[in-house]
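Here's a quick walk through one protein chain, going from a loop residue out to the whole fold. Have the structure open while you read.

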Amino acid sequence: MSGELAKLKIGPREFGSRLFVGTGKYASVEQTEQALVASGAEVVTVALRRVDLKQRGAGSLMGLLASGRWTILPNTAGCYTADEAVRTLRLARELGIAELVKLEVIGDPQSLYPDNEQTLEAARLLIKEGFTVLPYCGDDPILCRKLEDAGCAAVMPLASPIGSGLGIQNSFKLEQIVKQSKVPVIVDAGVGTASDVSVAMELGCDGVLLNTAIAHAKNPILMAEAMKEAMSAGRKAFLAGRMPKRFEAHASSPAAGVIE
């Protein structure tokens with residue numbers, strides 16, 4: 001199996017797609033379903049504090065996700081303390097949602113940047129309770145190392161602020177995180193278009209999680225397809241190994257043997 005097709009391993013699980021997508025901000029549940037299918041994603045994330053987890057009838061979001069077509073990645077969006085996040089995920093587990101969770105502990109309602117201390121505290125508690133934790137965090141190599149040391153199954157550094165569409169603002173930091181990490185690195189937040197996905201993968205990241213970039217596109221279904229293709233292209237480019245950057249021109253055709 002080629003490196004491009006090799007499955008992404010997160011804890012005890014394996015996934016064929018390296019693109020994770022969210023389920024918020026779509027015009028309808030029908031559009032959500034169409035976008036999820038077009039993206040090729042196997043893992044979809046849902047904000048536990050913003051949906052009715054018990055409403056699983058026809059036409060509901062949880063009804064769609066309960067079909068078993070995707071792995072549900074519950075997240076703690078909207079939580080501002082470690083205690084809030086831990087309580088939210090305990091409730092989700094009681095309702096039968098899987099142990100694989102995305103941890104978000106927000107530190108500021110304007111920037112929506114994560115609270116590093118609270119995130120680390122919540123991660124340690126959840127890991128002790130048997131959760132497979134994927135923490136949303138800043139693009140901070142030190143914090144990512146601490147989260148990995150705590151037992152997180154992956155780290156999810158932001159590209160830029162949530163929902164901003166600004167793309168990757170500090171590729172150097174992401175490269176540092178990729179080089180030091182022994183767990184998957186999944187870029188989360190700030191992706192705006194397909195080229196952002198390709199760049200993340202070309203930097204060596206293991207996956208990308210996005211939502212607004214698809215849901216707020218003029219044509220969400222077409223954008224979902226573009227994200228899928230960008231993921232594949234970026235991964236292949238990383239595995240192929242790009243040519244070195246040079247600061248002077250080099251002729252495309254060799255000069256040796258040229259007939260005068």
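## A loop residue after E9

Ala 189 sits in the loop that links E9 to helix H7 (194–202). Keep in mind that we're looking at a predicted model here. The backbone does something worth a look at this spot: phi of Ala 189 is near 90 degrees, a positive value in a residue other than glycine.

Is Ala 189 buried or exposed? The relative accessible area is 9%, and the cut-off for buried is under 20%, so Ala 189 counts as buried.

## Another positive phi, at Lys 25

Lys 25 also has a positive phi without being a glycine, with a value near 75 degrees. This residue belongs to the loop between E3 and helix H1 (29–39).

As for cover, Lys 25 has a relative accessible area of 48%. Partly exposed covers the range between 20% and 50%, so that's the class Lys 25 falls into.

## Strand E10 and its partners

Both of those loops follow strands that pair with E10, so let's go there next. Strand E3 (residues 19–22) runs parallel to E10, with three bridges between them. Strand E9 (residues 186–188) pairs with E10 in the parallel sense too, again over three bridges.

Which residue of E10 is the bridge partner of Leu 19? That's Val 208, and Val 208 is also the E10 bridge partner of Val 187. Within E10 (residues 207–210), Gly 207 and Leu 209 point one way while Val 208 and Leu 210 point the other, and all of them are buried.

## Leu 65 in helix H2

Leu 65 is part of helix H2, which spans residues 61–65. With a relative accessible area of just 2%, against a buried cut-off of under 20%, Leu 65 is classed as buried.

What does Leu 65 touch once neighbours within four places in sequence are set aside? The contacts are Thr 23, Leu 36, Val 44, Val 46, Trp 70 and Ile 72. Take Val 46 from that list: Val 46 and Leu 65 are 19 residues apart in sequence, and their C-alpha atoms are 9.2 Å apart.

## Ala 237 in helix H9

Over in helix H9 (residues 220–240) you'll find Ala 237. Its relative accessibility is 31%, so Ala 237 goes down as partly exposed.

Skipping residues up to four places away in sequence, Ala 237 touches Glu 202 and Arg 242. The Glu 202 contact spans 35 residues of sequence, while the C-alpha to C-alpha distance is 6.0 Å.

## The chain as a whole

Zooming out, the protein chain has nine helices and 10 strands. Buried residues account for 48% of its 260 residues. If you look at contacts between residues at least 6 apart in sequence, 64% of them join residues at least 24 apart.

On overall dimensions, the C-alpha atoms fill a box of roughly 80 × 40 × 40 Å along the principal axes. The radius of gyration is 20 Å, which agrees with the value near 18 Å that a compact globule of 260 residues would have.

## Surface and charge

The accessible surface of the protein chain is about 12,900 Å², and carbon and sulfur atoms own 51% of that. On the charge side, there are 28 positive and 29 negative charges, and their mean positions lie 3 Å apart.

Technical notes:
Residues are numbered from 1 along each chain as its sequence is written. This is a predicted model: local features need pLDDT of at least 70, side-chain atom pairs count only at pLDDT 80 or more; totals for chains, interfaces and linings use all residues. Side-chain values use heavy atoms; hydrogens and water are left out. Helices (H or I, at least four residues) and strands (E, at least two) are DSSP runs, numbered from the N terminus. Buried means under 20% relative accessible area, exposed over 50%, partly exposed in between (1.4 Å probe, protein chains only). Contact means heavy atoms within 4.5 Å. The radius of gyration is taken over C-alpha atoms; the globule rule is 2.2 Å times the number of residues to the power 0.38. Accessible areas come from the Shrake-Rupley method with a 1.4 Å probe; for residues, only the protein chains shown count as cover. Lys and Arg count as positive and Asp and Glu as negative; His and the chain ends are not counted. The place of a charge is taken as NZ of Lys, CZ of Arg, CG of Asp or CD of Glu. Two strands pair if DSSP finds at least two bridges between them.
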